[in-house]
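Trainee: I should like to study one part of this structure closely. May I put a request to you about a single helix and its surroundings?

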Amino acid sequence: MLRLLACIALLCPAILRAQEFVETEGLLSDEAFYRLVACAAPPDGTCAKEFLRWPSGDQIRVSLEPLDRAFLGGKQKRAKAALTRAIQYLNRVPMNLSLTQVPPENDADIRIYFVDTDGSEPISGTGLPGVDGQTVAGARVIVWARDGVINRSVVIFGTRLHIRSYESAMLEELTQALGLLTDIRNPDYDDISIFSQDSNASKTLGPQDIKALQRHYPQD
């Protein structure tokens, strides 16, 4: 999705929010697909934003923060399972980056929050950096970066996302937190890519999703 760029203070890193997309037709080449998800470039077009990456070779620490009471029970179990699977899928990709889950009290690079909000108004009162002020119905990822280097991300889930979509959404948002921040609106990708804007049908990484990650974090 095309990102909204903002800076909260002169010395603060830029904040990028994953909430837009590029619309295309037909299956894209691997090169065009990568440029679309990585820098919001339409086919044969120029980038709409800069490339963002975590430092190559890093082990990215991911935490699932305590869930709001609205997600207790089956939703909590499904959320935990979805994160476990998403990390497993991403770590199977041959790329120069890996992820590991850490307890919420640890210093995490990517923090995942399940917040009791239906998206009808901005979140308030949590005191969580990057969460208050956001409007989230389904899921949203926010990335902090400076000079093209990501230094932290948060993923926020709201109550309107159906429990059946947790696995697909978790994999998509976690992948986008790695710097591939643009979705694609194209019916040809509805069942084969986690970057599909209009579908949560894909619960695993598609072939071009994997190639995009490898291109973004090439092995030495």
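Which are the buried residues of α1? Please describe this helix carefully, together with the parts of the chain that are linked to it.

Mentor: Please keep in mind that the model is predicted. The mean pLDDT of the protein chain is 89, and 91% of its residues reach 70 or more. Confidence is lowest in strand β1 (residues 3–7), with a mean of 31, and highest in α4, with 98. Over residues 1–19 the pLDDT is below 50, although this stretch has 70 contacts in the model beyond near neighbours in sequence.

Let us turn to your helix. The buried residues of α1 are A32, F33, Y34, L36, V37, A38 and C39. Seven of the 10 residues of α1 are thus buried, so the helix is largely enclosed by the rest of the structure. What covers these buried residues includes β3 (21–23), β9 (183–185) and α4. After α1 comes A40, whose phi is positive, near 60°.

One of the buried residues, C39, takes part in a disulfide with C47, and their sulfur atoms are 2.1 Å apart. A search of the whole structure finds one disulfide. The two partners may be compared by their accessibility. C39 has a relative accessible area of 0% and is therefore buried. C47, with 31%, is partly exposed, because buried would require a value under 20% and exposed one over 50%. The torsion about the S-S bond of C39 and C47 is about -60°, so the disulfide is left-handed.

Another buried residue of the helix, F33, leads us to the aromatic rings. A pair of aromatic rings is described by the distance of the centres and the angle of the planes. The count comes to seven aromatic pairs. In one of them, the rings of F33 and Y189 have their centres 5.3 Å apart and their planes at 25°, so this pair is stacked. The pair links distant parts of the chain, since F33 lies in helix α1 and Y189 in the loop between β9 and α4, 156 residues apart. F33 is buried, with a relative accessible area of 1%, and Y189 counts as buried at 1% relative accessibility.

A second pair is formed by F114 and Y166, which are edge-to-face, with 5.5 Å from centre to centre and 65° between the planes. This pair also links distant parts of the chain: F114 is in strand β6 (residues 110–114) and Y166 in helix α3, 52 residues apart. F114 is buried, with a relative accessible area of 1%; Y166 counts as buried at 1% relative accessibility. Together with F71 and F157, these two residues form one aromatic cluster.

Finally, consider α4, which is among the elements that cover the buried residues of α1. In helix α4 (residues 207–216), the residues Q208, D209, A212, L213 and H216 are buried. They cover an arc of only 145° around the axis, which puts them on the same side of α4. What covers these residues includes α1 (30–39), α2 (74–91) and α3 (166–176). Your helix therefore appears in the cover of α4, just as α4 appears in the cover of α1.

Definitions and conventions: Residues are numbered from 1 along each chain as its sequence is written. This is a predicted model: local features need pLDDT of at least 70, side-chain atom pairs count only at pLDDT 80 or more; totals for chains, interfaces and linings use all residues. Side-chain values use heavy atoms; hydrogens and water are left out. Buried means under 20% relative accessible area, exposed over 50%, partly exposed in between (1.4 Å probe, protein chains only). Helices (H or I, at least four residues) and strands (E, at least two) are DSSP runs, numbered from the N terminus. The arc is that of the directions from the helix axis to the C-beta atoms. Contact means heavy atoms within 4.5 Å. pLDDT is the predictor's confidence in each residue, from 0 to 100. A disulfide is a pair of cysteine sulfur atoms within 2.5 Å. Rings of Phe, Tyr and Trp (its six-membered ring) pair if their centres lie within 6.5 Å; planes under 30 degrees apart count as stacked, over 60 as edge-to-face and the rest as tilted.
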